[in-house]
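I opened this entry to record what I looked up, item by item. The notes follow the order in which I checked things.

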Amino acid sequence: PSLPVENRPEAVLLQAYLKAKYGLSADAIETRSTNCGNNISNMLALARRLSFPCRSVILCQDASMQRRMDATLRRCAPETEILNYATYQVRLRDDGTFDPLPDGMWPLSRYLSLLMGEIPRLRDDAGGYGPKGAGYIAHVAVPEAVEAAFARLAGHFGDRIRAADPAFASSLNHDNHLPGGNLC
């Protein structure tokens, strides 16, 4: 709570936290990403520039976006071994409060919009981010039970389904390249 957070990239905040809490610092941080796709493409580009081998990666993300981050890395670097680590998981109580409430948690309305935006993005159809859609992620098989749960929630929270903001569009394209020809 004592760290200044306004207008600071997540990587800078994590670096400051590691330094303050444990006296550690990362060898390199990526600070230009504006979305999950760029988190991956920029991380891979940074690793190439610094000649860091990327045979295995620990992906740290909140549970709401973890599957999409995994699918993005599988698309961009299918040979990479991925260890997924959700940095936190919460449950929503019947009274509309989080259990537990992580420090710095989004307001409930923002969290619901994040959750409701994930299933449409994960779908491998014309409107999704999969190979049959935008091509940003590898195929994700969304289980029928998850689709059914999403449909029930959409009946109550359909107005909270987060649309993609074009201002933060990914630089990935269908050919697995970044602008300038670098492989994703």
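**Aromatic rings**

I began with the rings, and found Phe-98, Trp-106 and Tyr-111 joined into a cluster by ring pairs. The model I am reading is a predicted one. I counted four aromatic pairs in the structure. For each pair I noted two values, since a pair of aromatic rings is described by the distance of the centres and the angle of the planes.

I then looked up Trp-106 and Tyr-111. Their ring centres are 6.3 Å apart and their planes stand at 25°, so I entered the pair as stacked. The cut-off I used for that word is an angle under 30 degrees. Trp-106 is partly exposed, at 27% relative accessible area. Tyr-111 is buried, with a relative accessible area of 8%.

Next came Tyr-17 and Tyr-22. Here the centres lie 6.2 Å apart and the planes are at 80°, so this pair is edge-to-face. The angle needed for that label is over 60 degrees. Tyr-17 has a relative accessible area of 38%, which makes it partly exposed. I placed Tyr-22 in helix H1, which covers residues 10-22.

Both tyrosines turned up again when I checked the surface. Tyr-17, Leu-18, Tyr-22 and Leu-24 make up a nonpolar patch there. Together the four have about 390 Å² of accessible area.

**Salt bridges**

I turned to charged side chains. Side chains of opposite charge can pair when their charged atoms come close. My count for the structure is five salt bridges.

I looked at Arg-68 and Glu-118, whose side chains form a salt bridge with 2.4 Å from N to O. Arg-68 sits in helix H3 (residues 66-76) and Glu-118 in helix H4 (residues 108-122), so I noted a link between distant parts of the chain, 50 residues apart. I also checked their exposure, and both Arg-68 and Glu-118 are buried. For Glu-118 the relative accessibility is 4%, and buried means under 20%.

Which other residue does Glu-118 meet in a salt bridge? I found Arg-162, at 3.8 Å from N to O. Arg-162 lies in the segment after H5 and Glu-118 in helix H4, so this pair ties together parts 44 residues apart in sequence. Arg-162 is partly exposed, with a relative accessible area of 22%. I wrote down Arg-68, Glu-118 and Arg-162 as a network linked by salt bridges.

I noted one further bridge, between the side chains of Arg-93 and Asp-99, at 3.3 Å from N to O. Arg-93 counts as partly exposed at 40% relative accessibility. Asp-99 is partly exposed too, with a relative accessible area of 35%.

**Two single residues**

I picked Leu-153 and found it in helix H5, residues 144-157. Is Leu-153 buried, partly exposed or exposed? Its relative accessible area is 39%, so I entered it as partly exposed, the class between 20% and 50%. Setting aside neighbours within four places in sequence, I listed Met-116 and Gly-158 as the contacts of Leu-153. Met-116 is 37 residues away along the chain, and its C-alpha atom is 8.1 Å from that of Leu-153.

I then went to Asn-42, in helix H2 (residues 36-49). Asn-42 counts as buried, at 11% relative accessibility. With neighbours within four places in sequence left aside, its contacts are Glu-30, Arg-32 and Ser-33.

**Whole chain**

I left the totals for the end. The chain has five helices and four strands. Reading along the sequence, I wrote their pattern as α-α-β-α-β-β-β-α-α. The chain has 184 residues, and 33% of them count as buried.

How much area does the chain expose? I noted about 11,600 Å², of which carbon and sulfur atoms supply 55%. Last, I checked contacts with a separation of 6 or more. Residues 24 or more positions apart account for 51% of those contacts.

Terms used
Residues are numbered from 1 along each chain as its sequence is written. This is a predicted model: local features need pLDDT of at least 70, side-chain atom pairs count only at pLDDT 80 or more; totals for chains, interfaces and linings use all residues. Side-chain values use heavy atoms; hydrogens and water are left out. Helices (H or I, at least four residues) and strands (E, at least two) are DSSP runs, numbered from the N terminus. Buried means under 20% relative accessible area, exposed over 50%, partly exposed in between (1.4 Å probe, protein chains only). Contact means heavy atoms within 4.5 Å. Accessible areas come from the Shrake-Rupley method with a 1.4 Å probe; for residues, only the protein chains shown count as cover. Patches are made of residues with over 30% relative accessible area and no salt bridge: like charges are joined within 9 Å, nonpolar side chains (Val, Leu, Ile, Met, Phe, Trp, Tyr) within 5 Å. Rings of Phe, Tyr and Trp (its six-membered ring) pair if their centres lie within 6.5 Å; planes under 30 degrees apart count as stacked, over 60 as edge-to-face and the rest as tilted.
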